[in-house]
Amino acid sequence: MKDNCVFHYHLGLTVFSLFPGVIVLLLTHSLIWFLASMVLVNIFGLSRKNIFLAISFHVLKPMAGMFGGEGFVAEEMVITLGSEKTLKKFGGGVPPGRILLLLPHCLQRHDCQRRITYDPYNCVRCGRCPIGELLDLADRTGVKIAIATGGTLARRYVKEARPIAVVAVACPRDLGQGMLDAHPVPVAGVENTRPVGDCLDTQVDIPTVERRIKELMSPPAAETQG
Ligand code: SF4
């Protein structure tokens, strides 16, 4: 998993570095300058501008298709780099009440009758799906929680909650695109798993969600004083 993240991190950096590299190549007609600019971008890391992430996504997406790439390489790149950037900039500094834990509706057990999209606390935490444990996690850490059926509702919840940062759970396709759409709100992403297929009874690794929240959270007041 860690190796996968490192791969996507460097893949993203390399795609990023193509843009200044091509510009330099056009201006100077020099392959050496082109290569040098790619190396420099890789050494100095990410641009602060999200636009490069969006451009990289839209370049990599058709390229991955053309070369027969399966899966969600472009989305994985956005998730890895976007999360990295969010944690680098905001890690350890966000009050829990200003973090929004944004979940997809497909985590809810398909035959559960509780209406949780407008109020997650309608869940009675019966243990048949991850929603109950995620509510326990939100209670324990003090973060806000919202459950969305799609991008429109997700954007509405982000607008209403006005978080400093979001921890979002979704499938790679929705998460990658959602992280780009959420700009300028920073997002740290966690991919769900889909043991019975897309959009039905999905699962998520709760310790990973908890780790993401704690990486963003500022320490409790007592700890900061000590
Ligand atoms: S934990 Fe139980 S009550 Fe809550 S959403 Fe899942 S199935 Fe429904």
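A salt bridge is defined here as a side-chain nitrogen of Lys or Arg within 4 Å of a carboxyl oxygen of Asp or Glu. By this criterion, the side chains of aspartate 111 and arginine 128 meet in a salt bridge, with 3.2 Å from N to O. Aspartate 111 lies in the loop between β1 and α5, as does arginine 128, so the pair ties together parts that are 17 residues apart in sequence. The structure is a predicted model, in which local features need pLDDT of at least 70 and side-chain atom pairs count only at pLDDT 80 or more, whereas totals for chains, interfaces and linings use all residues. Residues are numbered from 1 along each chain as its sequence is written, and side-chain values use heavy atoms, with hydrogens and water left out.

The protein chain contains nine helices and four strands; helices (H or I, at least four residues) and strands (E, at least two) are DSSP runs numbered from the N terminus. Along the sequence, these elements follow the pattern α-α-α-α-β-α-β-α-β-α-β-α-α. Of the 226 residues, 42% count as buried, where buried means under 20% relative accessible area, exposed over 50% and partly exposed in between (1.4 Å probe, protein chains only). Strand β2 (residues 144-148) is mostly covered, with four of its five residues buried. Strands β1 and β2 pair in the parallel sense over five bridges, pairing being assigned if DSSP finds at least two bridges between two strands. Within this pairing, lysine 144 of β2 is the bridge partner of leucine 100.

The structure as a whole holds ten salt bridges. Aspartate 111 also forms one with arginine 109, the closest N and O atoms being 2.9 Å apart. Arg109, Asp111 and Arg128 are thus linked in a network of salt bridges. The members of this network are partly exposed, with relative accessibilities of 30% for arginine 109, 32% for aspartate 111 and 43% for arginine 128.

Aspartate 201 is located in the loop between β4 (187-191) and α8 (206-216). This residue is buried yet has no salt bridge, and the nearest side chain of opposite charge, that of arginine 109, is 4.5 Å away; for this purpose Lys and Arg count as positive and Asp and Glu as negative, while His and the chain ends are not counted. The side chain of aspartate 201 does reach the backbone nitrogen of histidine 110 at 2.7 Å. Beyond its neighbours within four places in sequence, aspartate 201 is in contact with Cys106, Gln108, Arg109, His110, Pro195 and Val196, contact meaning heavy atoms within 4.5 Å.

In helix α8, the buried residues include Ile206, Val209 and Leu216. The buried residues of this helix pack against α4 (73-90), β1 (99-104), α5 (131-141), β3 (165-170) and β4. A salt bridge joins the side chains of lysine 214 and glutamate 210 at 2.8 Å, N to O. Because they are four residues apart in α8, lysine 214 and glutamate 210 are separated by about one helical turn. Lysine 214 is partly exposed at 48% relative accessible area, whereas glutamate 210 is buried at 19%.

Several loop residues show notable backbone geometry. The peptide bond from histidine 183 to proline 184 is cis, with omega near 15°, and proline 184 is found in the loop between α7 (172-182) and β4. Arginine 125, although not a glycine, has a positive phi of about 55°. Arginine 162, likewise not a glycine, has a positive phi of about 45° and is found in the loop between α6 (151-161) and β3.

Technical notes
Polar contact = N/O pair within 3.5 Å; in protein donor to acceptor, adjacent residues only side chain to side chain.
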